[in-house]
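Subject: Structure handover and findings

Hello,

Here is the structure I promised to pass on. Please open it alongside this message; my notes follow.

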Amino acid sequence: MLNRCNECKKLFPSWTRSIHYCSDACRVAGRKKVNRKAFDKFRPKRNASERRFLSNPRNREKRMAYLRDRNLKIKEETVEAYGSICSCCGEDEIKFLTLDHSNGDGGKHRRELFPNGRPQTGVKFYCKLKNLGYPQDLGLVVLCQNCHLAKDKYGICPHVEYEAYVKPGAAAKE
């Protein structure tokens, strides 16, 4: 008995391992089409003017520049609400600063803020804090990326660790 391949429409024997596709290449191509249809069902629909606007490279660059500026502005507002310098080392360059949950419960806190979906980070998290009026009782502190990474990876920032080992006045004697 012969079957017809769903992808290339060739006839192939039914005793092969697939009853829908004649080869692995056709199976992969066919599954991509099926997956694409499923993806398109949930993808947000854009009207023709939006598609034209976004498909034009000049407009796309304008849009991306606008989003970069907007996201930086939101980050600046949020960091300023929680203190505009790193609470560990004193870094004040906005590109390096981020928020840290000092209690170590950031994941839990984000799941509480976004109960019906994936917990958001970055600008979406900053927007949520802005909508809540920048609550001060969440244990959020401003840290630079270096201090934040060191705290997450080693449990303590090297700045704090160094200060703990250096005795007061020891630097003045040298």
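I start with one ion pair. Arg27 and Asp24 form a salt bridge, with 3.7 Å between the closest N and O atoms. Both sit in helix α1 (residues 24–42), 3 residues apart, so about one helical turn separates them. An α-helix has 3.6 residues a turn, so residues three or four places apart point the same way. Arg27 is partly exposed, at 35% relative accessible area. Asp24 is partly exposed too, at 39%.

Before the rest, the basics. This is a predicted model.

**Overall picture**

The protein chain has 8 helices and 4 strands. Along the sequence they run β-β-α-α-α-β-α-α-β-α-α-α. Of the 174 residues, 21% are buried. The accessible surface is about 13300 Å², and carbon and sulfur atoms hold 53% of that. Take the contacts with a separation of 6 or more: 47% of them join residues 24 or more positions apart.

**Confidence**

The mean pLDDT of the protein chain is 79, and 83% of the residues score at least 70. Among the elements, β4 has the highest mean, 89. Helix α8 (residues 170–173) has the lowest, 44. The pLDDT is below 50 over residues 169–174. That stretch has 0 contacts in the model beyond near neighbours in sequence. Where pLDDT is low, the predicted coordinates should not be read in detail.

**Helix α5**

Which residues of α5 are buried? In this helix (residues 122–131) they are Phe125, Tyr126 and Leu129. These residues lie on the same side of α5, because they cover an arc of only 100 degrees around the axis. On the other side of α5, Lys124 and Asn131 are exposed.

What do the buried residues of α5 pack against? Their partners are two helices and two strands: α3 (57–81), α4 (106–113), β3 (97–101) and β4 (140–144). After α5 comes Gly133, with a positive phi near 85 degrees.

Thr78 gives a view from the α3 side. This residue is in helix α3. Thr78 counts as buried, because its relative accessibility is 0%. Leaving out residues up to four places away in sequence, Thr78 touches Leu99, Tyr126, Leu129 and Tyr134. Two of these contacts, Tyr126 and Leu129, are among the buried residues of α5.

**Aromatic pairs**

The count comes to 2 aromatic pairs. One is Tyr82 with Tyr134: the ring centres are 6.2 Å apart and the planes are at 85 degrees, so the pair is edge-to-face. Tyr82 lies in the loop between α3 and β3, and Tyr134 in the loop between α5 and β4. The pair therefore ties together parts that are 52 residues apart in sequence. Tyr82 is buried, with a relative accessible area of 11%. Tyr134 is also buried, at 17%.

The other pair is Phe125 with Tyr126. Their ring centres are 6.4 Å apart and their planes are at 45 degrees, so this pair is tilted. Both residues, Phe125 and Tyr126, are buried.

**The other salt bridges**

The count comes to 3 salt bridges. Arg27 with Asp24, described above, is one of them.

Glu77 and Lys130 form another, at 3.0 Å from N to O. This pair links distant parts of the chain, with Glu77 in helix α3 and Lys130 in helix α5, 53 residues apart. Glu77 is partly exposed, at 28% relative accessibility. Lys130 is partly exposed as well, at 39%.

Asp100 and Lys151 also form a salt bridge, the closest N and O atoms being 2.5 Å apart. Asp100 is in strand β3 and Lys151 in helix α6 (residues 145–154), so the pair ties together parts that are 51 residues apart in sequence. How do the two ends compare: buried or partly exposed? Asp100 is buried, with a relative accessible area of 5%. Lys151 is partly exposed, at 26%.

**Where to look**

If time is short, begin with α5 and its buried residues Phe125, Tyr126 and Leu129. Then see the link from Glu77 in α3 to Lys130 in α5. Then turn to Asp100 in β3 and Lys151 in α6.

Best wishes

Key. Residues numbered from 1 in each chain as written. Predicted model: local features only at pLDDT ≥ 70, side-chain atom pairs only at ≥ 80, totals over all residues. Heavy atoms only, no water. Buried < 20%, exposed > 50% of the residue type's maximum accessible area, 1.4 Å probe, protein only. Arc of directions from axis to C-beta. Contact = heavy atoms within 4.5 Å. Phe/Tyr/Trp six-rings, centres within 6.5 Å; stacked < 30°, edge-to-face > 60°. Areas by Shrake-Rupley, 256 points an atom, 1.4 Å probe, with all protein chains shown as cover. pLDDT = per-residue confidence, 0-100. Salt bridge = Lys/Arg side-chain N within 4 Å of Asp/Glu carboxyl O.
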